[in-house]
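Morning, everyone. Please bring the structure up on the screen, and let's walk through its strands.

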Amino acid sequence: PMYAITNTALTQKAAIGGRAVRLNRQRTVARRSVVAAPVRAKLYDNILETIGNTPIVKISDRLAPKGVELYAKAEFFNPCSSVKDRLALAVINDAEQKGLLKPGDTVVEATSGNTGIAVAMVCAQRGYNCVICMAEPFSVERRKIMRMLGAKVIVTPKAGKGTGMVAKAEELCEKHGWFLCRQFENDANPAFHASTTGPEILTDFAGKRLDYFVTGYGTGGTFQGVGRVIKAARPDTKIVLLEPEAASLIASGTKTERKSTGAPKGSHPAFAAHPIQGWTPDFIPKVLEDAQAMDLYDELVPISGPEAIETAQKLASTQGIFTGISGGASMAGALKVAAKAPKGSVILTMLPDTSERYMSTPLYESIAADMNEEELEIAKSTPSFQLLPGEEPVLQA
């Protein structure tokens, strides 16, 4: 249902979906009204049932170039605020269906953070123990969130990169008999995107143009799963794949050497450190390599760290959209596509997660905690309750 809302109507507050919504009581006046988003008006048996069905939001011309329509699928609407909630649920469901997990078992994963958070959430709800291996450079916020969710977080040395945290996870599982999610090789990952994310996009764009789908890659699950669905249903839609300029693994043409499990044998020679956390580990994941064999993308576009950070900041300041560096990178890629796309083109990109996981990263280096000169001038413009550097606090003037 849709609810018309006006500032002057007699209103009644109702808590729907965790938000206070003002319901019109059929008295309206000739003033501008706002239509609320469709509401999930149901009760859920558990938090995992809320995963998926994330909204697609139009980007205004304060950021998008004129003459095209630019949209973003906001995956931070998932319960633990990232697209990886889908992956975690898919892998755990698949393991349960195959009889690989039983009550009280321990689930292990190697992750840059978002998958670990998602796996920790699913384990907390399902009653499994959880151990996460995460390389040292990734943000400390992610470690704390995983521990808040009950996981044990094993931090691996920076020099070991992504392959090091994967090797540690494998070693722990071999010694203790624990279950390893294997997000980078597990076919349940792209299959879940093919059965949820892709169909959601087709439903939202039913009867409407969709000329470009733009996405980066971490495991390659979103790219493969959504790409398969879009190419089958809309073969004319162009898929643009993004990767960090500093770590152009696909562009290099060099394959990753693999173990029999599909895991990498070592670090990729084209890898260099980059700030786009969640994108492009130091190897080409097996899920991504499989997608390459399916010939799913039409264009490969590099994205630099600075433009990813700048675009994430612009999404916040011009759109009120609060996403992380990977979301900024995805939108930066979509803007590059939009700049050269024919007039009237419709472009969709993914925003994988929320900005709050990046407080200790370069995304927030330019964001001060203390008042700047402009803020101090505003504070001084009235006499009461001033907290000025080097001066005694002022309460009542």
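A definition before we start: two strands pair if DSSP finds at least two bridges between them. Helices (H or I, at least four residues) and strands (E, at least two) are DSSP runs, numbered from the N terminus. This is a predicted model, where local features need pLDDT of at least 70, side-chain atom pairs count only at pLDDT 80 or more, and totals for chains, interfaces and linings use all residues. Residues are numbered from 1 along each chain as its sequence is written, and side-chain values use heavy atoms, leaving out hydrogens and water.

Start with strand 8, residues 129–135. Strand 8 pairs with strand 9 in the parallel sense, over five bridges. Within strand 9, lysine 152 sits opposite valine 131. Helix 2 (114–126) packs on the sheet, touching strand 7 (106–110) and strand 8. Touching is contact, meaning heavy atoms within 4.5 Å.

Now the whole sheet. It is open, has four strands in the order 9-8-7-10, and pairs in parallel. Strand 9 (152–156) and strand 10 (179–180) each have a single partner strand, so one side of each lacks a neighbour in the sheet.

Next, strand 11, residues 212–215. Which way do its side chains point? Tyr212 and Val214 go one way, Phe213 and Thr215 the other, and all are buried (under 20% relative accessible area, 1.4 Å probe, protein chains only; exposed is over 50%, partly exposed in between).

Strand 11 has parallel pairing with strand 12 (238–244), over four bridges. Three bridges also join strand 11 to strand 14 (346–351), again in parallel. Tyrosine 212 has lysine 238 as its bridge partner in strand 12, and isoleucine 347 in strand 14.

Notes. Axes are lines fitted to C-alpha atoms, for helices over the stretch in contact, and angles run from 0 to 180 degrees between N-to-C directions.
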